[in-house]
Structures are given as C-alpha cells and as structure tokens.
Amino acid sequence: MTQRGRATRPTGRPRGAAGPRGGDLAARRDRLRAVIEPVVNDAGYDLEDLSVSRAGRRHVVRVMVDTDGGIDLDAVAVVSRAVSAALDAAEETGGDIVAGEYQLEVSSPGVDRPLTLPRHWRRNVGRLVKVTARGAAALPGQRGEQPAGDRQLTGRVVAADDEGVHLETDDGRAAWAYAQLGPGRVQIEFTRLAELGEPDDEFDDADDSDEIDDSDDIDDEDDVEDEER
C-alpha cells in the first residue's frame with residue numbers, strides 16, 4: 001500500500017519588512033497557485049489544496065497533492081523541491097510571492113479528506129464511505145414511502161466515473177449522480193485491513209513524515225491567524 005506523508009522545507013529569504021497581514025492572504029494564495037499548480041501538474045499530480053497562513057514572523061504555505069494510485073514520501077519530497085525552486089525563481093523575476101520568510105509544507109491527502117470530486121471517488125474504489133444523499137425520498141432498495149430529506153448513506157464504492165458513483169449498501173447496489181450526494185467520508189475498517197494483511201500506516205496522515213523540525217523559528221502563538229482556503 002502506498003505510504004503517505006509530508007515533506008516540510010524552510011524556504012524564502014529574510015527581508016526587513018514582513019509585508020501586510022490579514023486580509024491579503026487570499027491574494028497571496030492566488031499568486032502562489034499561479035506558480036505552484038503548473039509545477040504540480042507537470043510532475044503528473046493534481047493540486048488538491050493550497051493554503052497560506054501566518055505563524056509568528058513567517059507564513060506557512062501548505063500544498064496538498066495526489067494522483068491515481070497515491071503518492072509516496074519520495075514523490076512528495078521531489079514535488080516539494082520542484083515547488084520550492086519554482087517559488088524562488090518566481091521571486092527572482094516577479095518580486096515577492098509571499099512577503100517575508102515562509103515555510104513550505106507539501107503533503108498527500110489523509111483518509112479524513114472529504115470526497116468532493118469525481119477523481120476523489122475514483123481513487124477510493126473498494127473503500128467504505130459515508131455520505132449524505134440529498135433530498136432522497138427513499139433510498140434504492142428501501143420499501144415504503146418516506147418523507148423527502150437528506151439521508152445518511154454508508155456503502156462501499158464499487159465503481160466511479162465522471163458522472164457518478166456506484167455504491168454497494170446493505171440494500172444492494174445503486175448508482176448515484178454526484179449532484180445527489182454531499183461530500184463523502186472514507187470509513188476506517190481496521191478489521192478489513194487485518195484480513196487483507198495491509199499496514200495501517202496510510203491512516204496515520206503523515207505521522208511518518210520526512211520533516212525538518214524548525215518549530216523554534218515559529219513563535220508567538222497568539223499571532224497565528226486563521227488559514228484561508
């Protein structure tokens with residue numbers, strides 16, 4: 001099974017002024033995306049999430065990437081180096097991408113990442129998920145009339161394409177369009193993992209990460225601002 005993790009790199013150059021704070025985080029994120037997304041795509045991965053927040057005297061740039069079949073620690077490290085080089089090059093030619101010093105964190109999605117896009121469902125074929133069926137009058141296989149409303153549905157993903165997903169529930173197999181479903185959540189099945197003889201490292205969500213601990217450089221916890229996504 002693919003091992004997932006995170007690579008953390010202190011990067012950026014010290015500057016005399018840390019730049020404006022607070023409301024410009026969204027603008028910084030847009031500048032970062034314009035630089036980072038092409039690098040991630042060229043490496044053969046999808047940019048799943050990008051956020052920038054302030055911690056003490058620096059910013060923290062978090063980049064989440066994934067691909068079919070998952071991404072291992074070595075690949076995460078390669079992407080981290082490529083993104084870091086691209087940001088340095090962009091700053092050399094276009095000025096500050098992130099004002100002041102920043103720390104770059106590149107990771108792969110953990111099991112708690114919601115399934116919101118067709119590729120998320122496709123990458124979790126075979127897994128048990130919980131999802132809200134929106135406005136379902138009666139779920140497939142259920143008898144009798146029931147009032148319309150959102151219903152919690154738990155089933156195994158047996159197939160997924162660009163249009164929808166097939167779920168196997170206790171009531172049988174049924175096809176659902178993505179518009180009918182809310183975000184899906186993968187359910188951890190420790191018994192199933194034991195039966196398959198698979199390690200549960202994947203569910204540690206980056207506990208075994210290739211990480212550089214420079215927490216001493218990030219201080220003043222009261223100065224941490226909320227992330228914008």
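**The open sheet**

Start with the five strands that form an open sheet in this predicted model. Colour them in the order S8-S7-S6-S5-S9. The pairing is antiparallel. Now look at the edges, where S8 and strand S9 (185-186) stand. Each has a single partner strand, so one side of each is left without a neighbour in the sheet. For orientation, strands of a sheet pair through backbone hydrogen bonds, either parallel or antiparallel.

**S6 to S7**

Select residues 151-160 for strand S6 and residues 164-169 for strand S7. How many bridges join S6 to S7? Four bridges do, and the two strands run antiparallel. Follow the chain from S6 into S7: a hairpin joins them through three residues. Next, show the side chains of two facing pairs. Val157 stands opposite Leu167 in S7. Ala160 has Val165 of S7 as its bridge partner.

**S7 to S8**

Add strand S8, residues 172-177. Six bridges join S7 to S8, and these strands also run antiparallel. The hairpin from S7 to S8 passes through two residues. Pick out Glu168, which stands opposite Arg173 in S8.

Stay in S7 and click on Thr169, which is found in this strand. Is Thr169 buried or exposed? Its relative accessibility is 15%, so Thr169 counts as buried. Display what surrounds this residue. Beyond neighbours within four places in sequence, Thr169 is in contact with Leu153, Thr154 and Gly155.

**Arg134, in the loop before S6**

Move to the loop between strand S5 (128-133) and S6, and select Arg134. Arg134 counts as partly exposed because its relative accessibility is 47%. Which residues does Arg134 contact, leaving aside its neighbours within four places in sequence? They are Asp150, Ala179, Gln180, Leu181, Gly182 and Pro183.

Zoom in on Leu181. The side chain of Arg134 reaches the backbone oxygen of Leu181 at 3.2 Å. Arg134 and Leu181 are 47 residues apart in sequence. Their C-alpha atoms are 5.8 Å apart in space.

**Helix H1**

Now leave the sheet and select residues 25-42, helix H1. This helix has 18 residues. From first C-alpha to last, H1 reaches 26 Å, close to the 26 Å expected at 1.5 Å a residue. Look along the helix for a bend. Where is it? H1 bends by about 30° at Arg33.

Show the buried residues of H1: Leu25, Arg28, Arg29, Leu32, Val35, Ile36 and Val40. An α-helix has 3.6 residues a turn, so residues three or four places apart point the same way. Next, bring up what the buried residues of H1 pack against: strand S2 (46-55), strand S3 (58-66) and helix H2 (73-94). Finish at Gly44, just after H1, which takes a positive phi of about 95°.

**Helix H2**

Select H2, with its 22 residues. At 1.5 Å a residue, H2 should span 32 Å. Its end C-alpha atoms are 31 Å apart, which agrees.

Begin at the start of the helix. There, a side-chain oxygen of Asp72 reaches to within 3.3 Å of the backbone nitrogen of Asp74. Then colour the buried residues of H2: Leu73, Ala75, Val76, Ala77, Val79, Ser80, Val83, Ser84, Ala86, Leu87, Ala90 and Glu91.

Pause on Ser84, found in helix H2. Ser84 is buried because its relative accessible area is 6%, under the 20% cut-off. Draw a distance from its C-alpha to that of Val106: the separation is 9.9 Å. Ser84 and Val106 are 22 residues apart along the chain.

Step off the end of the helix. H2 is followed by Gly95, whose phi is positive, near 85°.

**Confidence**

Last stop: colour the chain by pLDDT. The mean pLDDT of the chain is 76, and 67% of its residues reach 70 or more. Now select residues 1-5, where the pLDDT is below 50. Beyond near neighbours in sequence, this stretch has 27 contacts in the model. Then select residues 12-23, over which pLDDT stays under 50. For residues 12-23 the model has 27 contacts beyond four places in sequence.

Notes
Residues are numbered from 1 along each chain as its sequence is written. This is a predicted model: local features need pLDDT of at least 70, side-chain atom pairs count only at pLDDT 80 or more; totals for chains, interfaces and linings use all residues. Side-chain values use heavy atoms; hydrogens and water are left out. Two strands pair if DSSP finds at least two bridges between them. Buried means under 20% relative accessible area, exposed over 50%, partly exposed in between (1.4 Å probe, protein chains only). Contact means heavy atoms within 4.5 Å. A polar contact is a pair of N or O atoms within 3.5 Å; within protein, one must be able to donate a hydrogen and the other to accept it, and residues adjacent in sequence count only if both atoms are side-chain atoms. The expected span of a helix is 1.5 Å times one less than its number of residues. The bend at a residue is the angle between axes fitted to the seven residues ending there and the seven starting there. pLDDT is the predictor's confidence in each residue, from 0 to 100.
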